[in-house]
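Welcome to a short set of exercises, each followed by a worked solution. Have the sequence and the model open side by side, and try each task before you read on.

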Amino acid sequence: MSTSYHFAHAVVRRPSNSIAKGLRAADVGNPDPDQFDIQHRAYIAALEDAGVKVEILPAWERFPDSVFIEDSSLCLPKGAVVMRPGAPSRTGESAAMAAILENYFADVRTISGPGFIEGGDILVTDSEIIVGLSDRTDRDGVEGLSACVADWGMVVRTLETPSDVLHFKTACGLLDAETILLTEQMAKADFFTNYRTLVIPKGEEAAANAI
């Protein structure tokens with residue numbers, strides 16, 4: 001069974017009231033914390049309906065973006081890697097995740113710098129770890145990740161994320177071992193020649209950010 005898209009456990013964090021102060025690619029108005037919480041609960045229910053055991057962490061008011069928990073860590077078959085987010089407002093999130101990850105993995109490693117890297121820029125398939133460089137992930141960060149996973153036999157491939165894409169995985173997602181869901185813009189970048197691709201229709205681009 002593929003570990004790149006089939007999961008038994010998930011860790012989520014409740015959204016905080018400070019979510020309105022979070023980072024965003026474009027200013028489209030502040031999110032409603034109450035509506036965010038309703039949608040987040042629906043997300044948890046969907047995971048549970050799919051048979052996933054969910055650990056729910058409390059909201060963290062100090063870090064508005066901490067609900068996007070995937071950015072702070074990368075979970076792989078042989079262990080986990082604590083990320084190093086590039087946004088100053090997110091410094092401190094990763095250290096807290098290390099203790100959580102130790103409940104699930106015997107081997108937890110940390111990227112200490114000098115670079116930066118976030119989980120939202122990383123797509124893991126059965127054959128490789130694909131990292132998209134962005135405003136939050138740089139080459140030094142990718143080198144730190146490569147060093148962490150080298151003895152696990154993981155291959156890391158680096159790509160240039162299109163300039164108007166906040167995170168690599170806001171524009172693509174893995175559906176199964178061979179299929180990647182992606183936006184038309186990402187399809188034109190021709191990153192995934194070794195995969196089957198499914199292009200999102202115009203106007204539905206947000207659907208590419210899927211689990």
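**Exercise 1.** Which residues in helix α3 (residues 139-149) are buried?

*Solution.* Start with the ground rules. The model is predicted, so local features need pLDDT of at least 70, side-chain atom pairs count only at pLDDT 80 or more, and totals for chains, interfaces and linings use all residues. Residues are numbered from 1 along each chain as its sequence is written, and side-chain values use heavy atoms, with hydrogens and water left out.

Step 1: fix the terms. Helices (H or I, at least four residues) and strands (E, at least two) are DSSP runs, numbered from the N terminus. Buried means under 20% relative accessible area, exposed over 50%, and partly exposed in between, with a 1.4 Å probe and protein chains only.

Step 2: go along the helix. Gly141, Val142, Leu145, Cys148 and Val149 are the buried residues of α3.

Step 3: look down the axis. The buried residues of α3 fall within an arc of 120°, so they line one face of the helix; the arc is that of the directions from the helix axis to the C-beta atoms.

Step 4: turn to the face pointing away from the buried side. Glu143 and Ala147 are the exposed residues there.

**Exercise 2.** Find what the buried residues of α3 pack against, and how the N-terminal end of α3 is capped.

*Solution.* Step 1: list the partners, with contact meaning heavy atoms within 4.5 Å. The buried residues of α3 pack against β3 (73-76), β4 (79-82), β5 (108-110), β6 (122-124), β7 (129-133) and β8 (156-160).

Step 2: inspect the N-terminal end. Asp138 is the cap of α3, with a side-chain oxygen 3.3 Å from the backbone nitrogen of Asp140. A polar contact is a pair of N or O atoms within 3.5 Å; within protein, one must be able to donate a hydrogen and the other to accept it, and residues adjacent in sequence count only if both atoms are side-chain atoms.

Step 3: add a loop residue. Pro114 sits in the loop between β5 and β6 and counts as exposed at 65% relative accessibility. Leaving aside residues up to four places away in sequence, Pro114 touches Arg84 and Asp140. The C-alpha atoms of Pro114 and Gly144 are 8.4 Å apart, although their positions lie 30 residues apart along the chain.

**Exercise 3.** Work out the strand order and pairing in the sheet that contains β10.

*Solution.* Step 1: apply the pairing rule. Two strands pair if DSSP finds at least two bridges between them.

Step 2: read the order. The sheet is open, has three strands in the order β9-β10-β11, and shows mixed pairing. Its edge strands are β9 (172-174) and β11 (196-199), each pairing on one side only.

Step 3: assign the senses. β9 and β10 are antiparallel over three bridges and form a hairpin with four residues between them. Strand β10 (residues 179-182) pairs with β11 in the parallel sense over four bridges.

Step 4: locate Ile180. Leu174 stands opposite Ile180 in β10, and Ile180 stands opposite Thr197 in β11.

Step 5: check the faces of β10. Thr179 and Leu181 on one side, and Ile180 and Leu182 on the other, are all buried, leaving both faces covered.

**Exercise 4.** Compare the settings of three salt bridges.

*Solution.* Step 1: set the criterion. A salt bridge is a side-chain nitrogen of Lys or Arg within 4 Å of a carboxyl oxygen of Asp or Glu. The whole structure has 12 salt bridges.

Step 2: begin in helix α1 (residues 33-49). Arg41 forms a salt bridge with Asp37, with closest N and O atoms 2.8 Å apart. Both lie in α1, four residues apart, about one turn of the helix. Arg41 is partly exposed, at 45% relative accessible area.

Step 3: go to the loops. Asp71 forms a salt bridge with Arg90, where the closest N and O atoms are 2.5 Å apart. Asp71 is in the loop between β2 (53-57) and β3 and Arg90 in the loop between β4 and α2 (93-101), so the pair ties together parts 19 residues apart in sequence. Asp71 is buried at 6% relative accessibility, and Arg90 is buried at 3%.

Step 4: finish in helix α4 (residues 184-188), where Glu184 and Lys188 lie four residues apart. The closest N and O atoms of their salt bridge are 3.5 Å apart. Glu184 is partly exposed at 28%, whereas Lys188 is exposed at 67%.
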